[in-house]
Amino acid sequence: ALAESFGRGAMTNHWIDIKNADAVLIMGSNAAEHHPVCFKWIMKAKDNGAVIMHVDPKFSRTSARSDFHVPLRSGTDIAFLGGMINYIFETESYFKEYLLNYTNASFLVGKGYSFNDGLFSGYNPETRSYDRSVWAFETSADGAPVRDMTLSHERCVFNLLKKHYARYTLKNVSDTTGVSEENLLKVYKVFCATGKPDKAGTILYALGWTQHTVGAQNIRASALIQLLLGNIGVAGGGINALRGEPNVQG
C-alpha cells in the first residue's frame, strides 16, 4: 500500500537535484553511456562525498565510475530490493517520524486481509484475479482510517509489511540473486544509512527495470525502500527514471 502511486516510471526529483544525494543507487541503467547529462550530476554528488553504487548484471562505464559495482542475475532485482526492505526492518534503519507523518504505515488494514502460500486473500482461481476490497483499511465511525501511532498493532501497514518481507533473508536473497551476502550488506548498509533527517539517497533506474514483465513491481519495491527511509520529497532523494524525450513519457 505504501508504494501505490509509484507503479509507473516517473521522476520524483529533477536531474540536477541528484547532486544533493549522499548515496546514489543505480539499477537497471547504464547512465554514464545512455544518459550522460544526468551522469554529470551523479559525478557532482560523488565530488560532494556521495557513494555511487551500480547494481547491474553487466559491468559498464557506469560501473567503472561508481564507487563499487555489484553484479546480480538478470531479473532478480525484486529479491535484491526485498532483502534491503527486510534489512531496514531488522536494523531499524527506517525514519519513524517520516513514516508516521507522511505515509500510511500507521493505518490498520481490515481483518479480511491475509497472505498465505504466495497468495493474498480475495483470490478467485477461476478469474485469476483478486477482490481487493478485502484489503481495505479499517475505518472509524466517521469513515476515517484507524491509525496506530505506536506502530505496534499486528494489522498496521508497518507490521504487515515487516512480516511480508521477513522471508527475504540474506541467504535467500543471495541464493536467488547470486550476490554474496557480503556484497548485499555492502549496498544495504551504505544506502540505508540515509534513513535520517540530514541524509538523502536516490534510486536511478531505466529500461533495465521497466523492460521486464515485473517492471512496475521493481519500481514499487524501490518506492517502499525510499518511503521507509524518508527519501521521497527531500533534496537528493526520490526514485528517478532516466528517460529520453522520444519515448512513452515524452
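## Strands, a covered helix and two positive phi values

In strand S8, the residues Gly-201, Ile-203 and Tyr-205 point to one side while Thr-202 and Leu-204 point to the other, and all of them are buried. This holds in a predicted model, and the arrangement fits a general pattern: in a regular strand the side chains alternate between the two faces of the sheet. Strand S8 is accordingly described as mostly covered, with five of its five residues buried.

**Strand pairing around S8 and S1**

Strand S8 (residues 201-205) runs parallel to S1, and four bridges join the two; within this pairing, Ile-26 has Leu-204 of S8 as its bridge partner. S8 also pairs with strand S9 (residues 239-241), again in the parallel sense, over three bridges, and here Tyr-205 stands opposite Ala-241 of S9. Strand S1 (residues 23-27), for its part, pairs in the parallel sense with strand S2 (residues 51-55) over five bridges, where Ala-23 has Val-51 of S2 as its bridge partner.

The three pairings are set out below, each with one residue pair taken from it.

| Strands | Sense | Bridges | Residue pair |
|---|---|---|---|
| S1 and S2 | parallel | five | Ala-23 and Val-51 |
| S1 and S8 | parallel | four | Ile-26 and Leu-204 |
| S8 and S9 | parallel | three | Tyr-205 and Ala-241 |

Strand S1 is mostly covered too, five of its five residues being buried. Both of its faces are covered, with Ala-23, Leu-25 and Met-27 on one side and Val-24 and Ile-26 on the other. The bridge partners Ala-23 and Ile-26 therefore belong to opposite sides of S1, and both are buried.

**Helix H6 and its cover**

Helix H6 (residues 157-165) is largely enclosed by the rest of the structure, because seven of its nine residues are buried. The buried residues of H6 are Val-157, Phe-158, Asn-159, Leu-160, Leu-161, His-164 and Tyr-165. Their cover includes the helices H4 (77-91), H5 (96-102) and H10 (215-228), together with the strands S4 and S5.

**Two residues with positive phi**

Most residues other than glycine have a negative phi, and against that background two loop residues deserve attention. Asp-117, which is not a glycine, has a positive phi of about 50 degrees; Asp-117 is found in the loop between strand S4 (115-116) and strand S5 (119-120), and its relative accessibility of 82% means that it counts as exposed. Arg-128, also a residue other than glycine, has a phi near 55 degrees and sits in the loop between strand S6 (123-124) and strand S7 (129-130). With a relative accessible area of 70%, Arg-128 is exposed.

**The chain as a whole**

The chain has ten helices and nine strands. Its radius of gyration is 18 Å, close to the 18 Å that the globule rule gives for 250 residues, so the chain is as compact as a globular protein of that length. Taken along the principal axes, the C-alpha atoms fill a box of roughly 55 × 40 × 40 Å.

Of the 250 residues, 48% count as buried, and among contacts with a separation of 6 or more, 71% come from residues 24 or more positions apart. The exposed surface of the chain is about 12500 Å², of which carbon and sulfur atoms supply 51%. As for charge, the chain has 25 positive and 23 negative side chains, and the centres of these two sets lie 4 Å apart.

Key: Residues numbered from 1 in each chain as written. Predicted model: local features only at pLDDT ≥ 70, side-chain atom pairs only at ≥ 80, totals over all residues. Heavy atoms only, no water. Rg over C-alpha atoms; globule rule 2.2 N^0.38 Å. Buried < 20%, exposed > 50% of the residue type's maximum accessible area, 1.4 Å probe, protein only. Contact = heavy atoms within 4.5 Å. Areas by Shrake-Rupley, 256 points an atom, 1.4 Å probe, with all protein chains shown as cover. Lys, Arg positive; Asp, Glu negative; His and termini not counted. Charge placed at Lys NZ, Arg CZ, Asp CG, Glu CD. Pairing = 2+ DSSP bridges.
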